[in-house]
Amino acid sequence: STQSTWYQCVEPCPCPKGYKLIADRCLEAKYWKPVNCGRFKAVIRDSTKRGMWESKAFCESHGGHLPYPKTKEDIQCIRGTIDIFSLGYTDEGREGVWRKATDPVPPKGAKGLDLSALWAKGQPDNYPIPDGQTENCAAWVQTAPWGGALDIMCRMDPGQKYFGGHVKTICVIDG
């Protein structure tokens, strides 16, 4: 079990040693860094490679969530030097209907989120993976030739030659 590293706080609130007050929360200082751009107030940039569902659990255990960017400016605000990281979007359960990973699978006929401002050219493509997996999660890939969101596998596979083995974690707290 993962120990919680944050506390909800109502000001005035003295945070325990090793914590700092950001966005009405006492957050563990060794993980969270304040940011002041767009709607984001704090970020964790973690270079540990994880699948999207593992990244989601990591962020939630630290009091935040995966990023749900709406624009490329949102991405630049939070990414720092991390070039490949999970976004909080999936079409698992209903191919082509993108939703936040925290939302339930939409019913048949439902419209998904419009992520057209984020997708790299030719994405999402649900590229067929040789072992029968499908690409149901979104990740940001900054490096050329991509420079946008890609449809990738949800699980982390370090031996895989595709992006699934290289995805890092960014967690955010909105203000």
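Which residue in S9 does valine 141 stand opposite? Select valine 141 and look across to S9, where glycine 148 is the residue that stands opposite; keep in mind throughout the tour that this is a predicted model.

**Strand S8 and its neighbours**

Now extend the selection to the whole of strand S8, residues 137-141, which is mostly covered, with five of its five residues buried. Colouring the side chains by direction separates Cys137, Ala139 and Val141, which point one way, from Ala138 and Trp140, which point the other way, and all are buried. In a regular strand the side chains alternate between the two faces of the sheet.

Add strand S9, residues 148-152, which runs antiparallel to S8 and is joined to it by five bridges. The hairpin of S8 and S9 has six residues between the strands, and within that hairpin glycine 147 takes a positive phi near 60°. On to strand S6, residues 84-90, which pairs with S8 in the antiparallel sense over four bridges; here isoleucine 84 stands opposite valine 141, while serine 86 has alanine 139 as its bridge partner in S8.

**The four-stranded sheet**

With S7 shown as well, the four strands form an open sheet in the order S7-S6-S8-S9, and the pairing is antiparallel. Strand S7 (99-100) and S9 stand at the edges, each with a single partner strand, so one side of each is left without a neighbour in the sheet. Helix H1, residues 52-61, packs on this sheet and touches S6 and S8, its direction making about 90° with that of S6. Within H1, the residues to pick out as buried are Met52, Ser55, Lys56, Phe58, Cys59 and Ser61; after the helix comes glycine 63, whose phi is positive, near 85°.

**The loop between S7 and S8**

Next, select proline 124, which lies in the loop between S7 and S8 and is joined to glutamine 123 by a cis peptide bond with omega of about -10°. Asparagine 126 has its place in the loop between S7 and S8 too, and its phi is near 45°, a positive value in a residue other than glycine. Because its relative accessibility is 25%, asparagine 126 counts as partly exposed.

**The three-stranded sheet**

Turn to the open sheet of three strands, ordered S4-S5-S10 with antiparallel pairing, in which strand S4 (33-37) and S10 are the edge strands, each pairing on one side only. The twist averages 30° from one strand to the next. S5 and S10 pair in the antiparallel sense over six bridges, and selecting aspartate 46 leads to threonine 169, its bridge partner in S10. H1 packs on this sheet, touching S5 and S10, with its direction at about 45° to that of S10, whereas H2 lies across S4, S5 and S10 and runs at about 60° to S5.

**The nonpolar cores**

Finally, display the largest nonpolar core, where, of the 20 residues, Ile78, Phe85, Leu87, Tyr89, Trp140 and Ile170 touch the most other members. The elements that give two or more residues to this core are strand S5 (40-46), helix H2 (72-79), S6, S8 and strand S10 (169-174). Centring on leucine 87 and leaving aside residues up to four places away in sequence, one finds contacts with Met52, Leu66, Pro67, Pro69, Ile75, Ala138, Ala139, Trp140 and Ala149. A second, separate core has 14 residues, including Ile22, Leu66, Cys137 and Cys171.

Notes:
Residues numbered from 1 in each chain as written. Predicted model: local features only at pLDDT ≥ 70, side-chain atom pairs only at ≥ 80, totals over all residues. Heavy atoms only, no water. Buried < 20%, exposed > 50% of the residue type's maximum accessible area, 1.4 Å probe, protein only. Pairing = 2+ DSSP bridges. Contact = heavy atoms within 4.5 Å. Axes fitted to C-alpha atoms, helices over the stretch in contact; angles between N-to-C directions. Core = buried A, V, L, I, M, F, W, Y, C linked by side-chain atoms within 4.5 Å.
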